[in-house]
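Here are my notes for anyone opening this one for the first time. Have the structure up beside you and take the points in order.

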Amino acid sequence: MTGTLYGLGVGPGAPDLLTLRAVNVLRKADVILAAASPRNDYSAALETARPHLRPETRLLRLEFPMTRDKTALRQAWEAAARTTKDVLESGADAAFLTIGDPLVYSTFGYLLRTLRALAPHLPVEIVPGVTSIQAAAARARVVLCENGETLRLLPGINSQEQLAAALKDADTAVILKAYRNLPAIREALRQTGRLESCVLASLVERSGEKLRLGLPEDAATPPYMSLILSRRPAAPED
């Protein structure tokens, strides 16, 4: 009998923002799979989930390099999928932890596709999690969407032109991965009249959390876990 893989969202970083379903999975899982960089042993998702783990739960670290080298990435995904396959075929249930939600800009998506190709017979269940988008909006009291409005998610790694085009007709936009490419993000916000009214949210629901209005020229490069919330500017009154 094989075990089940759970893609488990642990929320933005606060242990009390895990769902009841996520906590129940953590309490019964035999193995915890934690994604980490080869450069260090730290896993934000693991630290968030740790208060809910049983002392005897086995921890396995899966390395996912921070690179755009397709060959290196593919090798990392395949190695992680093989490790996961071995765990499940031993009969153990495993939970792959991911900050936020497993299906929103998460390493779990890569593992899921690779594991399906390698061992399509293995059962997988996905437990959704609270995203940093929702947490940041709650902290900043920014309405994400209402009535017939649109909400658009954008990766901050895109070019200035791509960002500006996407921002142009969005009622509310959320720019994720806003910790780099800051000049392009700033100029796209300026072009679309959103620069002064946007909210930069960093380390939401974590130690060092910071919210600031606008994105001035002298703004320092934000931490890795940063995003920008931007509502469409109100039309001028006649």
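**Notes on the predicted model**

1. Start in the middle. The largest nonpolar core has 19 residues, and those touching the most other members are Leu 154, Leu 167, Ile 175, Ile 185, Leu 189, Leu 215 and Ile 228. Three elements give two or more residues to this core: H6, E7 and helix H7, which spans 182–191. Do keep in mind that this is a predicted model.

2. Leu 167 is a good residue to click on next. Setting aside its neighbours within four places in sequence, Leu 167 is in contact with Leu 154, Ala 173, Ile 175, Ala 188, Leu 189, Thr 192 and Arg 194. Some of those names will look familiar, as Leu 154, Ile 175 and Leu 189 also appear in the list of core residues that touch the most other members.

3. Now for the strands, and E10 in particular. E10 is largely enclosed by the rest of the structure, because 5 of its 6 residues are buried. Which way do E7 and E10 run relative to one another, parallel or antiparallel? They run antiparallel, joined by 4 bridges. Within E10, Ser 230 is the residue that stands opposite Ala 173, and Ala 173 is also one of the contacts of Leu 167.

4. E10 has another partner to look at. Strand E8, residues 199–202, is joined to E10 by 4 bridges, and this pair is antiparallel too. To find the register, look for Ser 202 opposite Ser 226, and for Val 199 with its bridge partner Leu 229.

5. Stay with E8 a little longer. Strand E9 (residues 210–213) also pairs with E8, in the antiparallel sense and over 4 bridges. Here Ala 201 has Leu 211 of E9 as its bridge partner. Are the residues on the two faces of E8 buried or exposed? Both faces are covered: Val 199 and Ala 201 are buried on one side, and Leu 200 and Ser 202 are buried on the other.

6. On to the charged side chains. The whole structure has 12 salt bridges. One of them joins Asp 171 and Arg 232, with 3.3 Å between the closest N and O atoms. Asp 171 sits in the loop between helix H6 (160–168) and strand E7 (172–176), while Arg 232 is in the segment after strand E10 (226–231), so this pair ties together parts that are 61 residues apart in sequence. Arg 232 is partly exposed, at 38% relative accessible area.

7. Two other salt bridges make a nice pair to view. Lys 85 and Glu 89 meet with an N to O distance of 3.0 Å. Both belong to helix H3 (residues 70–89), and they are separated by about one helical turn because they are 4 residues apart. Lys 85 is partly exposed at 21%, and so is Glu 89 at 36%. Then there is Arg 61 with Glu 63, whose side chains meet at 2.9 Å, N to O. Arg 61 is partly exposed, with 33% relative accessibility, and Glu 63 is partly exposed as well, with 40%.

8. Which residues are linked in a network of salt bridges? They are Arg 186, Glu 187, Arg 190 and Glu 217. Have a look at helix H7 (182–191) while you are there, as it is one of the elements that give two or more residues to the core.

9. Not everything nonpolar is tucked away. Tyr 105, Leu 151 and Leu 153 form a nonpolar patch on the surface, and together they have about 260 Å² of accessible area. Leu 153 belongs to strand E6, residues 151–155. At 36% relative accessibility, Leu 153 counts as partly exposed.

10. Last stop: Cys 145. You will find Cys 145 in the loop between helix H5 (132–140) and E6. Cys 145 is partly exposed, with 41% relative accessibility. Leaving out its neighbours within four places in sequence, Cys 145 is in contact with Leu 151 and Arg 231. Leu 151 is also a member of the surface patch with Tyr 105 and Leu 153. For a sense of distance, the C-alpha atoms of Cys 145 and Pro 51 are separated by 34 Å, with the two residues 94 apart along the chain.

Methods
Residues numbered from 1 in each chain as written. Predicted model: local features only at pLDDT ≥ 70, side-chain atom pairs only at ≥ 80, totals over all residues. Heavy atoms only, no water. Salt bridge = Lys/Arg side-chain N within 4 Å of Asp/Glu carboxyl O. Buried < 20%, exposed > 50% of the residue type's maximum accessible area, 1.4 Å probe, protein only. Core = buried A, V, L, I, M, F, W, Y, C linked by side-chain atoms within 4.5 Å. Contact = heavy atoms within 4.5 Å. Patch = residues over 30% accessible without salt bridge, like charges linked within 9 Å, V, L, I, M, F, W, Y side chains within 5 Å. Areas by Shrake-Rupley, 256 points an atom, 1.4 Å probe, with all protein chains shown as cover. Pairing = 2+ DSSP bridges.
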